[in-house]
Amino acid sequence: MRPLWLCRPCGQPWPCGAAKIALLGEYRDSRVSLFLYLARCLYDAIGDLHQLHPSDTSSTASVFDRFLGWPARSYPIVTRASLDQGESS
């Protein structure tokens, strides 16, 4: 629900748990596309939420984490060292 950025079915801040699962499934083959989609949503949400609460600037980091922090935690981080370690096991 824009401009509040709440989930229509459950009323929780979007993306809620169910939305995250759906997004991971929808974008399972394209992590970059998921991040681009969520970055666009973040951009829109910052504008919408700022119009609703222009004096509230303290939540910018939490809004960033809400939109872009969770997918980074949902995917394993692959580094050269982790690849090398996997080969030696």
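This section describes the fold, the surface and the salt bridges of a predicted model.

The protein contains four helices and zero strands, and the order of elements along the sequence is α-α-α-α. Of its 89 residues, 26% count as buried. The exposed surface of the protein amounts to about 6300 Å², and 59% of this area is supplied by carbon and sulfur atoms. When contacts between residues at least 6 apart in sequence are considered, 62% join residues at least 24 apart.

Side chains of opposite charge can pair when their charged atoms come close. In the predicted model, the count of such pairs under the salt-bridge criterion comes to three. Two of the pairs involve R2, and they are described before the pair formed by D44 and R40.

R2 forms a salt bridge with D44, with the closest N and O atoms 3.9 Å apart. This N-to-O distance satisfies the criterion because a side-chain nitrogen of Arg is required to lie within 4 Å of a carboxyl oxygen of Asp or Glu. The pair links distant parts of the chain, since R2 belongs to the segment before α1 (17–26) and D44 to helix α2 (residues 31–52), at a separation of 42 residues. D44 has a relative accessibility of 17% and therefore counts as buried, the limit for this class being under 20%.

The side chain of R2 also meets that of D48 in a salt bridge, at 2.9 Å from N to O. Here too, distant parts of the chain are linked: R2 lies in the segment before α1, whereas D48 lies in helix α2, 46 residues apart. D48 has a relative accessible area of 13%, so this residue is buried.

The remaining salt bridge joins D44 to R40, and its closest N and O atoms are 3.3 Å apart. Both residues of this pair, D44 and R40, lie in helix α2; their separation of four residues corresponds to about one turn of the helix. R40 has a relative accessibility of 48% and therefore counts as partly exposed, as values above the buried class and not over 50% are assigned to this category.

Through shared partners, the salt bridges join R2, R40, D44 and D48 into one network. Within this network, D44 is paired with R2 and with R40, while R2 is paired with D44 and with D48. The network thus includes contributions from the segment before α1, through R2, and from helix α2, through R40 and D44 as well as D48.

How values were computed. Residues are numbered from 1 along each chain as its sequence is written. This is a predicted model: local features need pLDDT of at least 70, side-chain atom pairs count only at pLDDT 80 or more; totals for chains, interfaces and linings use all residues. Side-chain values use heavy atoms; hydrogens and water are left out. Helices (H or I, at least four residues) and strands (E, at least two) are DSSP runs, numbered from the N terminus. Buried means under 20% relative accessible area, exposed over 50%, partly exposed in between (1.4 Å probe, protein chains only). Contact means heavy atoms within 4.5 Å. Accessible areas come from the Shrake-Rupley method with a 1.4 Å probe; for residues, only the protein chains shown count as cover.
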